[in-house]
Amino acid sequence: MELDEQDLKWGLELIVGKWKIDYLVDFWSDNLEHIPVAKYKSPDGKKYNGITFEFFEDHRLVMKDSATKKQVESTWEQTGSTQYHYALNGFFDLPEGTDAENAETLEVFDGYLALPLGFITAGLKKTAKGKITKKPDIGDIEPSADDLKMNAIVGKYKIVKAPAMIGDDFGMHTREEALADANKRKAAGEIDDNEIWESILSMFDNIIEFTADHQVKIYAPMPPYASKKEIDEAVASGEITIVDGMIDSGDSYEWKAVNGAYYYDSREEEEVMGEKVSPWKKLEPDSDGLITFEPFMIEKI
C-alpha cells in the first residue's frame, strides 16, 4: 500500500511515545476475552505486566521488560494506514512454530496496538506521548538563493481538465468531452448556447498566469453575448479590467519555490482530525505533464 504524506503524519503522531501491555487475549480460551495483564496467567509462568515499547520519531524502538531487566533496541516503520512493522531482535521467546513475520507486525485496533505472540495477542496501550519535531509550514519557510532563481513555472497555462458533469458522471473531464456532451443536450433542446458558455466555456477558457513577481493571476474569457458598448462602459466604470483581450478576474495567489519544488498558496482553510492543513499546495507535473491547480489540471501554453 502506498502511503501519502497525511497517512505518514497521522501514523507518526499515533505511535511515537511509550506503550505498555494492557491486556492479553488467549486464542485457546472459549470466549477470547480481554484479560487484564496483571491477571493473565501464562502456561509457562511468563509475566507481561512489565513490558513496554517506546517508539521514537527517528524510527528507533526500545523494548523493556522491568521484571527481567531485559532491554532491546530495534527499529520500526509504518507499512499501512494502520499497520507497523518492527524488528523483534530476540526480545520475546516465541513459541515453536510461530510466524516471526506475523509477530513483528503491529496493527492499530480501537486505539490499541495489537501485538501477536503465537497463541496470544497482547494489547498495547499508550501511556505517554513522545516528542515529535513539528515541521515548519511551507508558508513560513524563506526560499534559498537557489530557490529564488527558479522560474520555470513562469508563463501562461490553459485548463486541460476541470470538474464537469457528463451524463451521470461528475468528475475531471476535458473541454472537448464536456463540450461534446453539452452539444448533445443542446440538440435535445435541453440547453442553449448561452448556457453552454456559462457552464463550460467560461470555465475551460480561463487562462492562468504565473508571473515573474511570484503572483498567480486568472484571466476570464469575454462573454460572447456582451456588446462592445457594454464592455467599454464596464471598463470605464472600473467594473472590469481588460488584459490582452481577457477580463482580469481579480483573483491573485502567491507562488514560491522551496527546497527545489514549486508551491502556491491556495488560501484554503482545511482541518484533518482537528489539525489545520497547510494551504500551500505543491505544483508538480503528473505522468501526462499536467499540473494540479485546484480544481483544475493545467498545462503550459
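Which residue in E12 is the bridge partner of lysine 156? The partner is glutamate 209, and that pairing is a handy way into this predicted model. Welcome to a region where helix H5, spanning residues 193-204, comes before strand E12, spanning residues 207-210. The points below look at each of them in turn, along with their neighbours.

**Helix H5 and its cover**

- Several residues of H5 are buried, namely Ile196, Trp197, Ile200, Leu201, Ser202, Met203 and Phe204.
- Among the elements covering these buried residues are strands E10 (155-166), E11 (169-174) and E21 (296-300), together with helix H4 (175-187).
- At the N-terminal end of H5, aspartate 192 acts as a cap: one of its side-chain oxygens lies 3.2 Å from the backbone nitrogen of asparagine 194.

**How H4 and H5 meet**

- The axes of these two helices come within 10 Å and cross at roughly 175°.
- Angles over 145 degrees count as roughly antiparallel, so H4 and H5 are roughly antiparallel to each other.
- On the H4 side, the contact is made by Arg175, Ala178, Leu179, Ala182, Asn183 and Lys186; H5 brings Asp193, Ile196, Ile200, Leu201 and Phe204.
- By character, the residues of this contact between H4 and H5 divide into 7 nonpolar, 1 polar and 3 charged.

**Strand E12, covered on both faces**

- In a regular strand, side chains alternate between the two faces of the sheet.
- In E12, Ile207 and Glu209 lie on one side and Ile208 and Phe210 on the other, and all are buried.
- E12 runs antiparallel to E10, with 4 bridges joining them.
- E12 is also joined to strand E13 (residues 215-220) by 4 bridges, again in an antiparallel arrangement.
- Phenylalanine 210 is a good residue to find on screen: glycine 155 stands opposite this residue, and valine 216 is its bridge partner in E13.
- E12 and E13 form a hairpin with 4 residues between them, and histidine 214 in the turn has a positive phi of about 70°.

**Strand E10 and its other partners**

- E10 pairs with E11 in the antiparallel sense over 6 bridges, and one of the pairings sets alanine 162 against histidine 173 of E11.
- These two strands, E10 and E11, form a hairpin with 2 residues between them; glycine 167 in that turn has a positive phi of about 65°.
- E10 also pairs with E21, in the antiparallel sense, over 4 bridges, with isoleucine 159 standing opposite isoleucine 298 in E21.

Technical notes:
Residues numbered from 1 in each chain as written. Predicted model: local features only at pLDDT ≥ 70, side-chain atom pairs only at ≥ 80, totals over all residues. Heavy atoms only, no water. Buried < 20%, exposed > 50% of the residue type's maximum accessible area, 1.4 Å probe, protein only. Contact = heavy atoms within 4.5 Å. Polar contact = N/O pair within 3.5 Å; in protein donor to acceptor, adjacent residues only side chain to side chain. Pairing = 2+ DSSP bridges. Axes fitted to C-alpha atoms, helices over the stretch in contact; angles between N-to-C directions. Parallel < 35°, antiparallel > 145°, perpendicular 65-115°, else oblique. Nonpolar A, V, L, I, M, F, W, Y, C, P; charged D, E, K, R; others polar.
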